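Here is a walk through one protein chain, from its overall layout down to a few individual side chains. Please keep the structure open beside you as you read.

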Amino acid sequence: MDTFQVSVRSLFQQECSAELEDAIIPASSDGHIYVLAHSAAGGQLVRYLLDKNQGTLLPRIRSITFTDSTHSVQWLKKHPHISSLIQSSRALYVRSANPMRDDGWENAQPGDECDKDHFWSHRFGKIKTVWAGTTDHSLTNWAARAPIWEHFDKNANDDKAAASDDEAETSTHTDKVAK
């Protein structure tokens, strides 16, 4: 759950004076954000990103997990900058099972990949899609908490590794210039 702490710290800084010990001060707008969007919140997030036409939020989003989201990649046809994130390895879709529609769901564990039919791919694109491990929509986040946090942590670790590589490359370049 390191990712959770990083996300909260990037949104809210709690370094306050003694008199304001319990106050929450907004952080700078350059911190990384890891988004968990359940149900209609997924559709609202995508619509917000469309309305803001990138703004300052999109570049800060390092990873997104949609759980039973209502969004559609069809909304993003003219917005490749948003579509590319939502269909990248930085995005995950977790779905609850519908016993009337989903064959074999009862044998799947939370995080097992789902088969995607034409309709699913048309609506959600190439996003990695996994089972939540429940048929109860309201329990999707709880039932799939392990694969959700694994997804966020993997992306956070990838970001740390990339930052270390960039730092090493900059150092090497600086050493060469100094010689």
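The report below starts with confidence and fold, then turns to the cores, the aromatic rings and two residues seen up close.

## Confidence in the model

Please bear in mind that this is a predicted model. Its mean pLDDT over the protein chain is 83, and 74% of the residues reach 70 or more.

Confidence varies along the chain. Among the elements, strand β5 (residues 91-95) has the highest mean pLDDT, 98, while strand β2 (residues 25-26) has the lowest, 48. Over residues 13-21 the pLDDT stays under 50, and the model has 5 contacts beyond four places in sequence for that stretch.

## Overall layout

The protein chain contains 6 helices and 6 strands. Followed along the sequence, these elements give the pattern α-β-β-β-α-β-α-β-α-β-α-α.

Of the 179 residues in the protein chain, 35% are buried. Among contacts with a separation of 6 or more, 70% join residues that are 24 or more positions apart.

## Two nonpolar cores

The largest nonpolar core is made of 21 residues, and Val35, Leu45, Ile64, Phe66, Ile82 and Ile86 have the most contacts inside it. At least two residues of this core come from each of β3 (33-38), α2 (40-52), β4 (61-67), α3 (80-86), β5 and α4 (118-124). Helix α2 gives the most, with 4 residues.

Another core lies apart from this one; it has 10 residues, including Ala132, Ala144, Ile148 and Trp149.

For a local view of packing, have a look at isoleucine 82. Beyond its neighbours within four places in sequence, isoleucine 82 is in contact with Leu49, Leu50, Leu58 and Leu76.

## Aromatic pairs

The whole structure holds 5 aromatic pairs. In one of them, tyrosine 34 and phenylalanine 152 have ring centres 6.1 Å apart and planes at 75°, so the pair is edge-to-face. Tyrosine 34 belongs to strand β3 and phenylalanine 152 to helix α6 (residues 145-178), so this pair ties together parts that are 118 residues apart in sequence. Both rings come from buried residues: the relative accessible area is 10% for tyrosine 34 and 1% for phenylalanine 152. Together with Trp149, Tyr34 and Phe152 form one aromatic cluster.

A pair with another geometry is found in helix α4. The ring centres of tryptophan 120 and phenylalanine 124 are 4.4 Å apart with their planes at 45°, so this pair is tilted. Because tryptophan 120 and phenylalanine 124 are 4 residues apart in helix α4, about one helical turn separates them. Tryptophan 120 and phenylalanine 124 are both buried.

## Arginines over rings

Two tryptophan rings are worth viewing face-on. Arginine 95 lies over the face of tryptophan 120, at 4.3 Å from the ring centre. Likewise, arginine 145 lies over the face of tryptophan 142, at 3.7 Å from the ring centre.

## Serine 63 up close

What does the side chain of serine 63 reach at 3.0 Å? Serine 63 has its place in strand β4 and is buried, with a relative accessible area of 0%. Its side chain reaches the backbone oxygen of arginine 90 at 3.0 Å. The side chain of serine 63 also makes a polar contact with the side chain of histidine 151, again listed at 3.0 Å.

Arg90 and His151 also appear among the wider contacts of serine 63, along with Ile33, Tyr34, Val35, Phe152 and Asn155, when neighbours within four places in sequence are left aside. Two residues of that group, Tyr34 and Phe152, are the edge-to-face partners described above.

## Phenylalanine 124 up close

Is phenylalanine 124 buried or exposed? This residue of helix α4 has a relative accessibility of 2%, under the 20% cut-off, so phenylalanine 124 counts as buried.

Which residues does phenylalanine 124 touch, not counting those up to four places away in sequence? They are Ser69, His71, Val73, Gln87 and Tyr93. If you would like a distance to check, phenylalanine 124 and threonine 70 are 9.4 Å apart, C-alpha to C-alpha, and 54 residues apart in sequence.

Notes. Residues are numbered from 1 along each chain as its sequence is written. This is a predicted model: local features need pLDDT of at least 70, side-chain atom pairs count only at pLDDT 80 or more; totals for chains, interfaces and linings use all residues. Side-chain values use heavy atoms; hydrogens and water are left out. pLDDT is the predictor's confidence in each residue, from 0 to 100. Contact means heavy atoms within 4.5 Å. A nonpolar core is a set of buried Ala, Val, Leu, Ile, Met, Phe, Trp, Tyr and Cys residues joined through side-chain atoms within 4.5 Å. Buried means under 20% relative accessible area, exposed over 50%, partly exposed in between (1.4 Å probe, protein chains only). Rings of Phe, Tyr and Trp (its six-membered ring) pair if their centres lie within 6.5 Å; planes under 30 degrees apart count as stacked, over 60 as edge-to-face and the rest as tilted. A charge sits over a ring if NZ of Lys or CZ of Arg is within 6 Å of the ring centre and within 35 degrees of the ring normal. A polar contact is a pair of N or O atoms within 3.5 Å; within protein, one must be able to donate a hydrogen and the other to accept it, and residues adjacent in sequence count only if both atoms are side-chain atoms.
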